[in-house]
Structures are given as structure tokens and as C-alpha cells.
Amino acid sequence: MELNESEKKDLMLILEKIFGFQNAHRWEMNESVLETVALMMNEAQKCSKALNHLPRPTYAADKDYLRRQLREIARRANNGEREFYDICAKTTRNKWRTEIERASQGL
């Protein structure tokens, strides 16, 4: 099913935020790009969920520190928020850029 103009505009705005204005405006917004972006976002979400299961950074993560962090780790794991950590977003963005370019060209 082809994207309507509103969907194309929304997809363009998302890609502008992720890849920058100049990159996003070179791409044709189509169903294939939408599919590829969905895959990219799922990957970023998996990465972010995995990071939610780790204690926050410290100088030395010993068992006492981990014990103090258990409730916070459990809260993040249970929360189910759909946010992406910067490291996940950047890694995913770099990995998927070429795929999105190809999808925009119908390849």
C-alpha cells in the first residue's frame, strides 16, 4: 500500500531528526523505507531494553553497589518505556543508513 502525503511528510520528519535534513530530503519516502525504519527502530528498542537491565555507571561495580541498584534496574525493566538510549540510537542509525538509502531507491 502506497504512503499518502501525510504519511510521507511524517516519515520525512522522523528521518530528518535521525539522519539530518540534507540526507532525509534526498530519499524517496515509500513503503520500503517505512519497513526499513520499523526494523531500525525495533533494533534500537532491543538495545535500549538490554541497557535497562544494567546498573548505572560507577567507578567500581561491586556486589554492594549492584545490590543498591537492583530496585532501579527492576523498575526500568518493568517500566516498558519506548525510549532509546543515545548509544543505541547512534549505533542503529549508522548501521541502517545505507539500507534506508537503498529502500528509497527501490533496491
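The legends below accompany close-up views of a predicted model of a protein chain.

**View 1. The protein chain as a succession of helices.** The secondary structure of this predicted chain amounts to 5 helices and 0 strands, and the order of elements from the N terminus on is α-α-α-α-α. The chain has 107 residues, of which 28% are buried. When contacts between residues at least 6 apart in sequence are considered, 60% of them join residues at least 24 apart.

**View 2. Helix α1, residues 5-19, and its two ends.** With 15 residues at 1.5 Å a residue, helix α1 should span 21 Å, and the distance of 20 Å between its end C-alpha atoms agrees with that expectation. At the N-terminal end, asparagine 4 acts as a cap, with a side-chain oxygen placed 3.0 Å from the backbone nitrogen of serine 6. Beyond the other end, α1 is followed by glycine 20, which has a positive phi, near 95°.

**View 3. The buried and exposed faces of α1.** Lys8, Leu11, Met12, Leu15 and Phe19 are the buried residues of this helix. They lie on the same side of α1, because the arc that they cover around the axis is only 105°. An α-helix has 3.6 residues a turn, so residues three or four places apart point the same way. The elements that cover these buried residues include α2 (21-24), α3 (31-52) and α5 (86-104). On the face of α1 turned away from the buried side are the exposed residues Lys9 and Lys17.

**View 4. The largest nonpolar core, with leucine 11 as one of its members.** This core holds 14 residues, and those touching the most other members are Leu11, Leu15, Val33, Val37 and Ile100. At least two residues of the core are supplied by each of α1, α3 and α5, and α1 contributes the largest share, 4 residues. Apart from neighbours within four places in sequence, leucine 11 has contacts with Leu3, Met29, Asn30, Val33, Leu34 and Val37.

**View 5. Helix α3, its buried residues and its N-terminal cap.** The 22 residues of α3 reach 32 Å from the first C-alpha to the last, close to the 32 Å expected at 1.5 Å a residue. The buried residues in α3 are Val33, Thr36, Val37, Met40, Ala44, Gln45, Ser48 and Asn52. Asparagine 30 caps the N-terminal end of α3 through a side-chain oxygen that lies 3.0 Å from the backbone nitrogen of serine 32.

**View 6. A salt bridge within α1, between glutamate 5 and lysine 8.** A search of the whole structure finds 4 salt bridges, and in the one shown here the closest N and O atoms of glutamate 5 and lysine 8 are 3.7 Å apart. Both residues lie in helix α1, with a separation of 3 residues, or about one turn of the helix. Glutamate 5 counts as exposed because its relative accessibility is 61%, over the 50% cut-off. Lysine 8, by contrast, is buried, since its relative accessible area of 17% is under 20%.

**View 7. The salt bridge of glutamate 101 with arginine 26.** The two side chains meet at 3.4 Å, N to O. This pair links distant parts of the chain, with glutamate 101 in helix α5 and arginine 26 in the loop between α2 and α3, 75 residues apart. Glutamate 101 is partly exposed, at a relative accessible area of 22%, whereas arginine 26, at 54%, is exposed. A network of salt bridges links Arg26, Arg97 and Glu101.

**View 8. The salt bridge between glutamate 43 and lysine 95.** The closest N and O atoms of glutamate 43 and lysine 95 are 3.3 Å apart. Because glutamate 43 lies in helix α3 and lysine 95 in helix α5, the pair ties together parts of the chain that are 52 residues apart in sequence. Glutamate 43 counts as partly exposed at 24% relative accessibility, while lysine 95 is exposed, with a relative accessible area of 52%.

**View 9. Asparagine 94 and phenylalanine 19.** Although these two residues are 75 residues apart along the chain, their C-alpha atoms are separated by 9.0 Å. Asparagine 94 has its place in helix α5 and is exposed, with a relative accessible area of 55%, whereas Phe19 is among the buried residues of α1.

Technical notes:
Residues numbered from 1 in each chain as written. Predicted model: local features only at pLDDT ≥ 70, side-chain atom pairs only at ≥ 80, totals over all residues. Heavy atoms only, no water. Expected span 1.5 Å × (residues − 1). Buried < 20%, exposed > 50% of the residue type's maximum accessible area, 1.4 Å probe, protein only. Arc of directions from axis to C-beta. Contact = heavy atoms within 4.5 Å. Polar contact = N/O pair within 3.5 Å; in protein donor to acceptor, adjacent residues only side chain to side chain. Core = buried A, V, L, I, M, F, W, Y, C linked by side-chain atoms within 4.5 Å.
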